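Open the model in a viewer and keep the selection panel at hand. The stops below go from the whole chain to single residues.

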Amino acid sequence: MYLPSGGSLVIDRTEAMVVIDVNTGKFIGKGGNLEETVTKNNLEAAEEIARQLRLRDLGGIVVIDFIDMILESNREQVLRRLVECLGRDRTKHQVAEVTSLGLVQMTRKRIGQGLIEAFSTTCDSCAGRGIHIHTEPVKVKPTPVFVENDSQNSHDDMENAREDREDKNQSDMDSDVDSTTESEQTSTEVVIESSTEPTKGRKRRRAVSTGVVTPGA
């Protein structure tokens, strides 16, 4: 969720409490004063947090992690802004002091149905947990590694690929020529063998001399 100045809010709802994290995001401020930038971002976040608590009807323990501020006066200013904005909320609530870690703790009574419950249903597969439990450890898929080659390496790869294609084409042509020559030789041998083989079923005539001389012979 983005703020008008470019910051963002992350609202994480758990079984025990609601955690809200404030981030600067794209907001870098003007003039290079980091403390002023952070304070302005936290003031906007305090107003939006009070609005989201009412809109989502978030209740129970709420922990807000504002961006760290150095000056005590700025922390008190952000806390006052949060209390003022929560004053519009008719639901019973209580805001505690800022802790040593810079966290703001508060409680809010929940009245009706929340925004998530009104517009969502529990997943039948994972029961709303968002994960699937396996009986054995799950193998992590290796992350593919992409190697960046310079233009010279790319050119060499293209040349090698072209030479491989030419060698393959030449080899295919030689194989075709050898196959054609072998086929012609086989055909010639078959013709020669068939021409020298005597014809089956043909009777040979044998000349027999009877000793009689035929006139005019």
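Select the whole protein chain and colour it by contacts: of those between residues at least 6 apart in sequence, 57% join residues at least 24 apart. A contact here means heavy atoms within 4.5 Å. This is a predicted model, in which local features need pLDDT of at least 70 and side-chain atom pairs count only at pLDDT 80 or more, while totals for chains, interfaces and linings use all residues. Residues are numbered from 1 along each chain as its sequence is written, and side-chain values use heavy atoms, with hydrogens and water left out.

Next, switch to cartoon. The protein chain has four helices and five strands, in the order β-β-α-β-α-β-β-α-α from the N terminus. Helices (H or I, at least four residues) and strands (E, at least two) are DSSP runs, numbered from the N terminus.

Now select residues 8–13, which are strand 1. Strand 1 pairs with strand 2 in the antiparallel sense over six bridges; pairing requires that DSSP finds at least two bridges between the strands. Three residues separate the two strands, which form a hairpin. Pick Val10 to find Asp21 of strand 2 opposite.

Move on to residues 17–23, strand 2. Which residues make up the covered face of strand 2? They are Val18, Ile20 and Val22, while Met17, Val19, Asp21 and Asn23 lie on the uncovered face. In a regular strand, side chains alternate between the two faces of the sheet.

Last, add residues 60–65, strand 3, which runs parallel to strand 2 and is joined to strand 2 by five bridges. Ile61 in strand 3 is the bridge partner of Met17.

How values were computed:
Buried means under 20% relative accessible area, exposed over 50%, partly exposed in between (1.4 Å probe, protein chains only).
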